[in-house]
Amino acid sequence: MIKLKYGSSAVYPIKVPVENSLKSFNFFLYQNEDSLTLIDTGMDNETCWNGLLETLSKNKFSLYDIDQIMLTHHHMDHIGLVNRITSKHYVPVYAHERSLLRLKRDESFLKRRIDFFELLYQEAGCGERGQKQISYLKKALHNNKNQTIQTDIRPFLSAFCDFKIIEMPGHADDQVAFYAENEKWLFAGDLLINHISSNALIEPDINGRRSTPLLDHIESLKKAVLLEAELVFPGHGIIIKDHQILIKKRLEAIENKANKLYHLIAKGITRANDLAKTFYKKKYDQQFALVMSEIIGHLDYLESAERIKKERVNGVWEFSLV
Ligand SMILES: [Zn+2]
């Protein structure tokens, strides 16, 4: 049995099933002596909204009892209900400073982001498939305007509402975890998911520079392994009990995938795009952006271990063994 109460604190998970590999959207009500906090908000849809209202009423709360919202990162399956909640009941919303441009869908940032991906895919040798992704991003720039978070966002202080706020970049560069030390509870966004490995997504930083998300993700996992956490509350799937064992498994899987890529490079496959196609086959076309992040991330990893090197030939990176 998982214990969701400790002294005067309690967690009320809101778990909304979804029929894809994520299995569920999770968000959490956290109660302590002085306040009720909503950690993440699921998707902007009826099932998440009803899930929130039901969990509130089952525990004798209403929407008006929520004192604040804290966001682990800016992805839309974590921020979905922010507008709906704050338009009915004003509550402060806290997020990492680096979330701001994204939550506000700052147009010049999003345009620079598209330029960033255009160059990234060119340099990876993606050709037409890369261009297709760029036109998708251009359409999304216009179509997703209604996802802009309307309310003011407040940046976190280093500790807040009994939590230590711990930066956990990798899956997203604004990702933070909330650590309740007494309870030994870690609300970790998408840092760790029980049934799948989290993607370390390539993104530009606010200055348009490329992050090295897989390297950041590894550092974040190593940070999390040191935390005494009896329970890790993830953004998807079941609540995690043995986070140290799971983290070890995830780190090993990264190493294994990197080794497989290393062998493909040894066989003479030199471009990120060709490595992605060979490695992921059908998934390459279906989940292009994710797949490219994975490949480029693992190439960063091999490069940082000085096992491979790269050279720019006619605007495309060519990888070879050291
Ligand atoms: Zn996410």
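**Exercise 1. Classify S293 by its accessibility and describe its surroundings in this predicted model.**

Solution. Step 1: the relative accessibility of S293 is 6%. Step 2: a residue is buried under 20% relative accessible area, so S293 counts as buried. Step 3: S293 belongs to helix α11. Step 4: once neighbours within four places in sequence are left aside, the contacts of S293 are A200, L201 and I202.

**Exercise 2. Determine how helix α11 is oriented relative to helix α8, and describe the contact between them.**

Solution. Step 1: the two helices span residues 243–266 (α8) and residues 288–304 (α11). Their axes come within 9 Å, with a crossing angle of roughly 85°. Step 2: angles of 65 to 115 degrees count as roughly perpendicular, and α8 is therefore roughly perpendicular to α11. Step 3: α8 contributes I254, E255, K257, A258, L261, Y262 and I265 to the contact, while α11 contributes E294, I295, H298, L299, Y301 and L302. Step 4: sorted by class, the contact of α8 with α11 comprises nine nonpolar, one polar and three charged residues.

**Exercise 3. Carry out the corresponding analysis for helices α5 and α6.**

Solution. Step 1: α5 covers residues 107–123 and α6 covers residues 127–143. The axes of α5 and α6 come within 9 Å and cross at roughly 175°. Step 2: an angle over 145 degrees counts as roughly antiparallel, so α5 is roughly antiparallel to α6. Step 3: on the α5 side the contact involves L110, K111, R113, I114, F117, E118 and Y121. These residues meet G130, Q131, Q133, I134, L137, K138 and L141 of α6. Step 4: the classes represented in the contact of α5 with α6 are seven nonpolar, three polar and four charged residues.

**Exercise 4. Identify the protein donors of the zinc ion, assess their geometry and locate H171 and D190 in the chain.**

Solution. Step 1: the zinc ion has as protein donors H73 through NE2, H75 through ND1, H171 through NE2 and D190 through OD. These donors lie 2.1 to 2.5 Å from the zinc ion. Step 2: the angles subtended by the four donor atoms run from 86 to 174°. A tetrahedral site would require all angles to lie between 85 and 135 degrees; the arrangement around the zinc ion is irregular because of the angles its donors subtend. Step 3: along the chain, the donor spacing is H-x1-H-x95-H-x18-D. Step 4: H171 is in the loop between β9 (163–167) and β10 (176–180), and D190 is in the loop between β11 (185–187) and α7 (213–225). The pair therefore ties together parts that are 19 residues apart in sequence. Step 5: both H171 and D190 are buried.

**Exercise 5. Locate D65 and state whether it is buried, partly exposed or exposed.**

Solution. Step 1: D65 sits in the loop between α1 (46–58) and β5 (68–70). Step 2: with a relative accessibility of 34%, D65 counts as partly exposed. Step 3: beyond its neighbours within four places in sequence, D65 contacts L36 and K60. Step 4: the C-alpha atoms of D65 and L36 are 6.7 Å apart, although 29 residues separate the two in sequence.

**Exercise 6. Describe the backbone and the accessibility of K281 and E306.**

Solution. Step 1: K281 has a phi near 50°, a positive value in a residue other than glycine. K281 is in the loop between α9 (272–280) and α10 (282–286), and its relative accessible area of 63% makes K281 exposed. Step 2: the phi of E306, also a residue other than glycine, is positive at near 55°. E306 is in the loop between α11 and β13 (308–313), and at 62% relative accessibility E306 counts as exposed.

Definitions and conventions
Residues are numbered from 1 along each chain as its sequence is written. This is a predicted model: local features need pLDDT of at least 70, side-chain atom pairs count only at pLDDT 80 or more; totals for chains, interfaces and linings use all residues. Side-chain values use heavy atoms; hydrogens and water are left out. Axes are lines fitted to C-alpha atoms, for helices over the stretch in contact, and angles run from 0 to 180 degrees between N-to-C directions. Helices (H or I, at least four residues) and strands (E, at least two) are DSSP runs, numbered from the N terminus. Angles under 35 degrees count as roughly parallel, over 145 as roughly antiparallel, 65 to 115 as roughly perpendicular and the rest as oblique. Contact means heavy atoms within 4.5 Å. Ala, Val, Leu, Ile, Met, Phe, Trp, Tyr, Cys and Pro count as nonpolar, Asp, Glu, Lys and Arg as charged, and the others, Gly among them, as polar. Donors are N, O and S atoms within 2.8 Å of the metal (3.2 Å for Na, K and Ca); water is not among the atoms, so sites may look incomplete. Four donors count as tetrahedral if all angles lie between 85 and 135 degrees; four count as square planar and six as octahedral if opposite donors are over 155 degrees apart and all others between 65 and 115; anything else is irregular. Buried means under 20% relative accessible area, exposed over 50%, partly exposed in between (1.4 Å probe, protein chains only).
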